[in-house]
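Work through the exercises below with the sequence and the structure in view. Try each task before reading its solution.

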Amino acid sequence: MAALLDVKNLGISFGGLRAVNGFDITIEKEELYGLIGPNGAGKTTVFNLLTGVYRPDTGKVLLDGEDITGKKIIDISKAGIARTFQNIRLFKKMSVLDNVKAGLHNNHHYSTVEGILRLPRYRKVEKEMDEKAMDLLKVFDLDSVADYQAANLPYGQQRKLEIARALATDPKLLLLDEPAAGMNPNETEELMDMIRFVREQFHMTILLIEHDMKLVSGICEKLTVLNFGEVLAQGTTDKVLNDPQVITAYLGE
Ligand SMILES: Nc1ncnc2c1ncn2[C@@H]1O[C@H](COP(=O)(O)OP(=O)(O)O)[C@@H](O)[C@H]1O
Ligand SMILES: [Mg+2]
């Protein structure tokens, strides 16, 4: 069976800086995979390359067998990659519910979300979208604040809302850029449970960038460590976290 994401030799330079070089990763369906590494290692740049923000100058990206290398953001979104951002991006003036509905607009086909929620066919589209959005909000304990303006949510809830909106596009692959950044330990714990739940309930494949080593070792089955734009180590979480090179370059800092 083909991997869900298969990346070979991905690279990009900014001026004289080789931000990502020779990057390979293979992610199987429903895997929960972590991308770690020091600040400036190139992690967010990898996400930007995978989602069409930047066009790679080397390499190839296959999503579920489809070549999406160098495609535009909108086409990659349609192909099935959704993401969240290191610095949260929401429609701040819109309601929590409408932020999730904005994600649903991308999605006209029969979907996993639809399948799981088993919506009656006779409902009008808008009502259907309200319900889908509310169901997603419930997953993240945000249903009680559905009418709030997004900007008025506490930080931890904004992070969760961004994940809910990404899921609303019914992606094949969900990319999370430091989802626990700025969260307190309780919020982080809760977020870990939610990420696990999302993987199980939506049969989602997830690649997450994270600094919080507790989060990474607690939920990721596999890890890739980036250092100066290159893969330093790759494999099962246990193996990678015990790799002496990784301990020196990253964990020992
Ligand atoms: N658009 C850009 N123009 C120039 N340099 C960039 C750009 N985006 C990222 N970089 C550089 O690429 C390197 C990797 O950045 P980034 O991917 O954000 O690292 P990380 O997410 O691992 O902290 C950094 O040196 C950063 O300054
Ligand atoms: Mg980053």
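**Exercise 1. Polar contacts of the ligand**

Task: Find which atoms of Gly-42, Ala-41 and Thr-45 approach oxygen atoms of ligand 1, and at what distances.

Solution. Keep in mind that the model is a predicted one.

Step 1. Start with Gly-42: one of its backbone N or O atoms is 2.9 Å from an oxygen atom of ligand 1.

Step 2. Go on to Ala-41, where a backbone N or O atom lies 3.2 Å from an oxygen atom of the ligand.

Step 3. For Thr-45, look at the side chain: an N or O atom there is 2.6 Å from an oxygen atom of ligand 1.

Step 4. Turn to the area of the ligand. Ligand 1 taken alone exposes 560 Å², and the protein buries 63% of that.

**Exercise 2. The shell around the ligand**

Task: Work out which elements give two or more residues to the shell around ligand 1, and sort the shell by residue class.

Solution.

Step 1. List the residues that surround ligand 1: Phe-14, Leu-17, Ala-19, Pro-38, Asn-39, Gly-40, Ala-41, Gly-42, Lys-43, Thr-44, Thr-45 and Tyr-54.

Step 2. Assign them to elements. Helix α1 gives three residues, the largest share of the shell.

Step 3. Sort by class: six residues of the shell are nonpolar, five are polar and one is charged.

Step 4. Those elements that contribute two or more residues are β2 (17-27) and α1.

**Exercise 3. Helix α1 and the loop after it**

Task: Decide how far helix α1 (residues 43-50) is enclosed, and describe the surroundings of Thr-51.

Solution.

Step 1. Apply the cut-off for buried, which is under 20% relative accessible area. In α1 this holds for Lys-43, Thr-45, Val-46, Phe-47, Asn-48, Leu-49 and Leu-50.

Step 2. Seven of the eight helix residues are therefore buried, so α1 is largely enclosed by the rest of the structure.

Step 3. Move to Thr-51, in the loop between α1 and β4 (58-63). Its relative accessibility is 6%, so Thr-51 counts as buried.

Step 4. Look back to the helix: a polar atom of the Thr-51 side chain lies 2.7 Å from the backbone oxygen of Phe-47.

Step 5. Set aside neighbours within four places in sequence; Thr-51 is then in contact with Ile-73, Ile-76, Ile-81, Arg-83 and Leu-175.

Step 6. Check the backbone at Gly-52, which follows α1: its phi is positive, near 85 degrees.

**Exercise 4. Strand β3**

Task: Is strand β3 (residues 32-36) largely enclosed or largely open, and which strands does β3 pair with?

Solution.

Step 1. Take one face: Leu-32, Gly-34 and Ile-36 are buried, and on the other side Tyr-33 and Leu-35 are buried too.

Step 2. Five of the five residues of β3 are thus buried, so the strand is largely enclosed by the rest of the structure.

Step 3. Find the partners. Four parallel bridges join β3 to strand β8 (residues 205-209), where Ile-206 is the bridge partner of Leu-32.

Step 4. β3 also pairs with strand β9 (residues 222-227), again in the parallel sense over four bridges. Here Gly-34 stands opposite Leu-223.

**Exercise 5. An open sheet**

Task: Give the strand order of the open sheet of four strands, and name its edge strands.

Solution.

Step 1. Read the order: β2-β1-β4-β5, with antiparallel pairing.

Step 2. The edges are β2 and β5 (66-67), since each pairs on one side only.

Step 3. Inspect one pair. Strand β1 (residues 5-14) is joined to β4 by five antiparallel bridges, and Lys-8 stands opposite Lys-60 in β4.

Note on methods: Residues numbered from 1 in each chain as written. Chains lettered and ligands numbered in written order. Predicted model: local features only at pLDDT ≥ 70, side-chain atom pairs only at ≥ 80, totals over all residues. Heavy atoms only, no water. Buried < 20%, exposed > 50% of the residue type's maximum accessible area, 1.4 Å probe, protein only. Near = heavy atom within 4 Å. Polar contact = N/O pair within 3.5 Å; in protein donor to acceptor, adjacent residues only side chain to side chain. Areas by Shrake-Rupley, 256 points an atom, 1.4 Å probe, with all protein chains shown as cover. Nonpolar A, V, L, I, M, F, W, Y, C, P; charged D, E, K, R; others polar. Pairing = 2+ DSSP bridges. Contact = heavy atoms within 4.5 Å.
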